[in-house]
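Colleague: Got a minute to go through this model with me? I'd like to start with charges and rings.

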Amino acid sequence: MGKSRARRFRRAPFSPTGSEQCRNGESGCEDEPAVELLEKLQHPSAELREYACASISKLLQQKHVIPVFLQRDVVRCLGPLLMDHSLAVRETAAGALRNLSACGGFEVCDDMVTKDIMTPLVALLKECSTGLDANQASPKKCREMNKNYTEDIANEAINLLWNVCECNNTAVHIFNKEGCLEAVLQCMKKFSTNVDLAISVANCLQAVTEDNPDLLSSFNASAQQILETVMLCSESTMKHILLRTLIAGTVWNIKDTIPPGSLGSMVNAILKIFSESLAIDAGEMIIRMNEAERNRLKLAAEAETEENTSDAVDNCVSEDDGMKEIPKENVRRENDISDLLPFDTWELNEVTALLTAQQTALEIIVNMCCSEDPSDDEWEELSSSDESDLFMENSYNEGGGLLMSPLCLSDEVNSAFLNNLIPKKILEKTAFPNNAALDICMHNASWKPLIKKLNAVQCRALTCLHSILLVSDIDCLGGASALQSLAQHLSQLVFSKMELPTDTEFLEAITSALRALLQTMASKNISQQCMTPEQLLALCEAGIHSSNATVRVNVVSILGISGSVLAKGQDTSETLKMIGKFLLEVAMKESSLVVAGEALDALFDVFADGKEAEKAAVQIKLLPALKEFQPVFKMRIRKEGKGKYSTDQLCVLDNVKMNLRRFIVYQETLGKTPT
């Protein structure tokens, strides 16, 4: 029912402590430990309060435990501890609330805001901000652990703030009203010495600046200077690449505050950062980092063996003196929380940061393609480059990459897309992940979650490709040969494996990209030979059984586009019969009116014209089938429409209903026409 639409991405709100993930566990009796730990939060001993907070934090990563703690008002129990006189308690309390917000999701975040978590949280952030300045010369550190409590508390607090602001508009309003921007930007100034804190701030900033015009006035020249300084940072670790990517997203969100004369350099700076991120091969990075981890662990094991041998010799000497030494590892203070802290996973964290940066960059590019058209005046200062001609190569398979750029931006910004080789790098990310890297992840429990991230990057790249296809001119796309190469590439993604893909996210992304591409090719009469009729129907059979309505709409539309092209050819009636039968069955049996309407639209396109289409229509008895179905479709719209579908969807469905009536009349006319 018309062209497919580009989707906008909103950021995921969940960020559990450290590298831990929320887990689903088996339900059991959790009341007793919950009651005991919550009581310990009021204990006079700071060590006991810290232990209780850390224990609660770990338990809250198990989703089935969360309702037990919520019933016992865990938010109001932990909230005051954000301002506890013990810094260690503040940090662990903030970590527990962070996990609650991350693993609990939207409803829990709403409940946290309702129970006034923002009051102590804002107070804590402002105190941390002041503390960062006061402790610049001599920061508060725990001597045994060389730990900067002020920065670590700020990190937990900002992650908590990020989660609740992502989920709750009231929290965003409080963020604006209480001037939290100044406090979090103060933390951002620590990016050169504490990149983890800076990443937390950047995540929070990207969340609170999205669709928040009330905050724009707070981004004065000083605030923008802080963001610019971070974007220009030259550190090359994956965490710093992630940091720059997130800040680039924030700058895009506040672009309305940028003077018109600086917009060109801003866009180029943003795209340069994205290009830097997308240029890195994540599969190769996984292989290198995994090898580095194995080497590090091997050296650590060898060092530990040497130390144990040395200790054994020392113990022998001590026993000879009658003074047996107690091994240090056997000494534990009561309520020790060391077993609740994450292990050192530097290499894994680096790969995770890279994949997050790539996914974020792709999502922001999608949103850039969906932005409203800027006025010509806004972009007149943008500088175009003659170098763009250097990249006007041919096809993706030849390594030049498809050249495409969003028309919703100016010609100068289009040049920025090309000059940063963004399209080529997006296409590279649409390929399946490196098999060697996947094998490493499959056989390493701590690295296994990376598989999901690798797949997410591929899906975002396909969605990005879909968005660019929707807004691009054929010349910017690289011409007919480049489109045909892209069609072949997408077809290979679908059919390269023994079985057709079943993952819903991948199916939605690949079918959306294919639909947009085939629409473009059909509109320009470019030959479509990327799939055989059998492959086309196999894809549609797989997609039509998806639980995702977008996938079902896409495959029906793909079939309609392909069928309308075949109808113009010769000796295609048999294939058109198969297509017609498939679309008729979808229209009559599909539970979603939107998908049924798309199937009818596809039928109108396929059988609109051509001798082969007329022959096939007669053989599948298309006219009597549609005449019989017409009153059923009208009744379904009347009964199911209101309350179940949006106003826009109902308008489209009414249009389909009208087109169905006209198409029946047209088919009746064909039947009366003498041959």
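Colleague: What lies over the face of Phe432?

Modeller: Lys497 does, at 4.2 Å from the ring centre. Keep in mind that this is a predicted model.

Colleague: And which ring does the charged end of Lys255 sit over?

Modeller: That of Trp252, with the charged end 4.3 Å from the ring's centre.

Colleague: OK, ring on ring now. How many aromatic pairs does the structure hold?

Modeller: Four. One of them is Phe663 with Tyr666: the ring centres are 6.1 Å apart and the planes meet at 45°, so that pair counts as tilted.

Colleague: Where do Phe663 and Tyr666 lie?

Modeller: Both are in helix H29, which covers residues 647-672. They're three residues apart, about one turn of the helix. Phe604 joins the two of them in one aromatic cluster.

Colleague: Is Phe663 buried or exposed?

Modeller: Buried, because its relative accessibility is 7% and the cut-off is under 20%. Tyr666 comes out at 28%, so it's partly exposed.

Colleague: Switching to cysteines. How many disulfides are there?

Modeller: Zero. Take Cys109: the nearest cysteine sulfur belongs to Cys167 and is 3.8 Å away. A disulfide needs the sulfurs within 2.5 Å, so Cys109 is in none.

Colleague: Is Cys109 buried or exposed?

Modeller: Buried, with a relative accessible area of 0%. Cys459 is buried too, at 2%.

Colleague: Last one, what about the whole protein?

Modeller: It has 29 helices and two strands, and buried residues make up 53% of its 675 residues. The exposed area is about 32300 Å², with carbon and sulfur atoms supplying 50% of it.

Terms used:
Residues numbered from 1 in each chain as written. Predicted model: local features only at pLDDT ≥ 70, side-chain atom pairs only at ≥ 80, totals over all residues. Heavy atoms only, no water. Helix = DSSP H or I, 4+ residues; strand = E, 2+ residues; numbered from the N terminus. Buried < 20%, exposed > 50% of the residue type's maximum accessible area, 1.4 Å probe, protein only. Areas by Shrake-Rupley, 256 points an atom, 1.4 Å probe, with all protein chains shown as cover. Phe/Tyr/Trp six-rings, centres within 6.5 Å; stacked < 30°, edge-to-face > 60°. Lys NZ or Arg CZ within 6 Å of the ring centre and 35° of its normal.
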